[in-house]
Amino acid sequence: MKNQDVAKVFNEIAEMLEIKGDNPFRIRAYRRAAQNIEGLADDISGMKEEELKGIPGIGRDLADKIKEYTTTGSLQFLEDLKREVPPGLLEMLSVPGLGPKTARMLFDKLKVSSIDALEGLAKKGGLRGLPGIKARTEENLLKGIELIKRRSDRFPIGRVLPVAEDLLKKLRENAPVKDISLAGSLRRWKDTIKDIDIIAASNNAAKVMRAFTHLPDVKEVIMSGQTKSSIITREGIQVDLRVVEEDSFGSALAYFTGSKEHNVRLRELAVKKGLKINEYGVFDLKTGKKIGGKKETDIYGSLGLDFIPPELREDSGEINESLEKRLPDLVNLKDIKGDLHVHSKYSDGSHTIEELIDEAKKRGYQYIAITDHSKGLGIARGLSIEQLLEQSKQIKSINNRLRNFMVLSGAEVDIRSDGAIDYPDEVLKKLDIVVASIHSGFRQPKEQITMRLVSAMKNPHVSIIAHPTGRLIGEREAYEIDFDEFLTVAKHTGTAVEINAYPLRLDLSDIYTRKAKGMGIRLAVSTDTHVMNQFDFMRYGVGIARRGWLEKEDLLNTYDYKALLKLLRSKLIRAGIAGGGNDRKSAL
Ligand code: DGT
Ligand code: CA
Ligand code: ZN
């Protein structure tokens, strides 16, 4: 039993209590416990009562429930709730825009207890007239339902990569493979993934196939062949494994990494050079003689190309740049020197600033920015001005004690509906970094959303626009933005743009990231960590950065602390604010 499973059960309880209209504090207690359990480094199933009670937000009652669930595999309290709340209702809550109160009301009034029933009624206009439901509400529900249906065929990369890595590890241990690698969209770090593609080299394909189809993670074997098998994992993700001879490993890897469009271009280029490439190797067209295929570099080398990193293989100019020896030197995870968007216990994070520092140090970072929420609309536990200033003071005193590490005192300020920023400038100027973002009014027209972002960027104290499109992959569409205007103003005001590494966000997206770079806009990859292990999300953000052709210098958080402060300060200097008696950036 994993921590994640326990967290899931607590979240489920919270949802059911919500549908029942239970006490909000009790509901929040379950949610908070779930969040803290998910963030634990240690395995919860081995813990004693006393240890359990040491976890923040876990008292005796929850500790007992954890014990019951981890030892028996079920929880009476949950089973009782399930009898009161039909499972279909819970499923309905996954429809974006449908809250527990409405779900409950639909059930009470119309006995709606499944997404299908909801869809049928909404299509007929059968929900109109119920409390709070207009034609527009029905439209939005239908859009939400469509989003869920689409979600089922692509998964966010953050759900797929850990599963894939686990499979690779098990195959390395249990199957006679000489070499093995991920391929497909996963190797290209796309933000969503249809299925996992794995390529292995072995001279005993049958044995590899047997090991693969008998892994404990397999829920269903779809196809079991001599060199290719497909399975569905317990998580519901399809995995295709292909086994090739060692001397075709490179060409098979290139072929199945794709993208298809990239491969088409490679083959065209090959023909021009009198060569043929396929998954088995590179061949001379005239003689049919095999020239290479063991290594992936054989393929690119034979075509006179520099090696093209998988993230660039989308047929968006990479082959030409490679021919001209002008490929970017892509940023790497190890170039990241800090995280500029982190939440602490002061707002809705799970950890103290000291705990966050310890973890960041373990990752080799030089700094983090604490950016707790302001008190905006729709934000849980935002900080008042007094709390923010108190936090800032605490950070100063922590910094005085620290060696070789700095904490930037910051905030994630809400951009209000009219474009105003939650804190006044006198407060903002005391911070080292200000991250601004939209948390409400997602359905406003394009012009208004763009206006809000523009007016935030025009504030000289705003350093970075966080999760600029507001999307939650598979759950919420991006709000509409005039990207040309957004990026132009970012450029002119010297505002940086975030690539939010949280796997459901991953915005700015790869395409706009590349565009932003082209315009000379600086970016930052940040995790928006609320719970410790979310620091791990950095790699997904770096994946997007690489897909956006970013080099080290394009990202704020690859610079060392001093250089970073200078960059953050440059916007203020441009606006004629910094210099002289400003108390901001006191550390400089
Ligand atoms: P996905 O799975 O939709 O997230 O994206 P991919 O790129 O992983 O696509 P997938 O799994 O259908 O195929 C993996 C790679 O195999 C693909 O990127 C290129 C190669 N491939 C698959 N089918 C074809 C094909 O019909 N022609 C060519 N040239 N390549 C193919
Ligand atoms: Ca795939
Ligand atoms: Zn945040």
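Biologist: How many charged residues does the shell around ligand 1 have?
Modeller: The shell includes three nonpolar and six polar residues. Nonpolar means Ala, Val, Leu, Ile, Met, Phe, Trp, Tyr, Cys or Pro, charged means Asp, Glu, Lys or Arg, and the others, Gly among them, are polar. The charged residues in this shell number seven.

Biologist: What should I know about the model and its numbering before we go on?
Modeller: This is a predicted model, in which local features need pLDDT of at least 70 and side-chain atom pairs pLDDT 80 or more, while totals for chains, interfaces and linings use all residues; side-chain values use heavy atoms, without hydrogens or water. Residues count from 1 along each chain as written, with chains lettered from A and ligands numbered from 1 in written order.

Biologist: How many residues surround ligand 1?
Modeller: A residue belongs here if one of its heavy atoms lies within 4 Å of the ligand. The closest are R154, S185, R188, K194 and D195. Altogether, the residues surrounding ligand 1 number 16.

Biologist: Which residue has a side-chain N or O atom 3.2 Å from a nitrogen atom of ligand 1?
Modeller: Let's go through the polar contacts (N or O pairs within 3.5 Å). R188 places a polar side-chain atom 3.0 Å from a ligand oxygen, and the side chain of D195 also has an N or O atom 3.0 Å from an oxygen of ligand 1. For the ligand nitrogen, the partner is R267.

Biologist: Why does ligand 1 lie between two domains, and which are they?
Modeller: Both domains, with bounds from an automatic or database assignment, give residues to the shell, so ligand 1 lies between them. They are domain 2 (155–244) and domain 3 (249–323).

Biologist: Which protein residues are donors of the zinc ion, ligand 3?
Modeller: Donors are N, O and S atoms within 2.8 Å of the metal (3.2 Å for Na, K and Ca); water is absent, so sites may look incomplete. Along the chain, the zinc donors follow the spacing H-x1-H-x68-E-x115-D. Lying 2.1 Å from the ion, they are H341, H343, E412 and D528.

Biologist: Where does the cis peptide bond from G258 lead, and what is its omega?
Modeller: The bond runs to S259, which sits in the loop between α13 and α14; helices are DSSP runs (H or I, at least four residues) and strands are E runs of at least two, numbered from the N terminus. Its omega is near -5 degrees.

Biologist: Which residue that is not a glycine has a positive phi of about 50 degrees?
Modeller: Look in the loop between α15 (296–302) and α16 (318–323). The residue there with this phi is D315.

Methods:
Polar contact = N/O pair within 3.5 Å; in protein donor to acceptor, adjacent residues only side chain to side chain.
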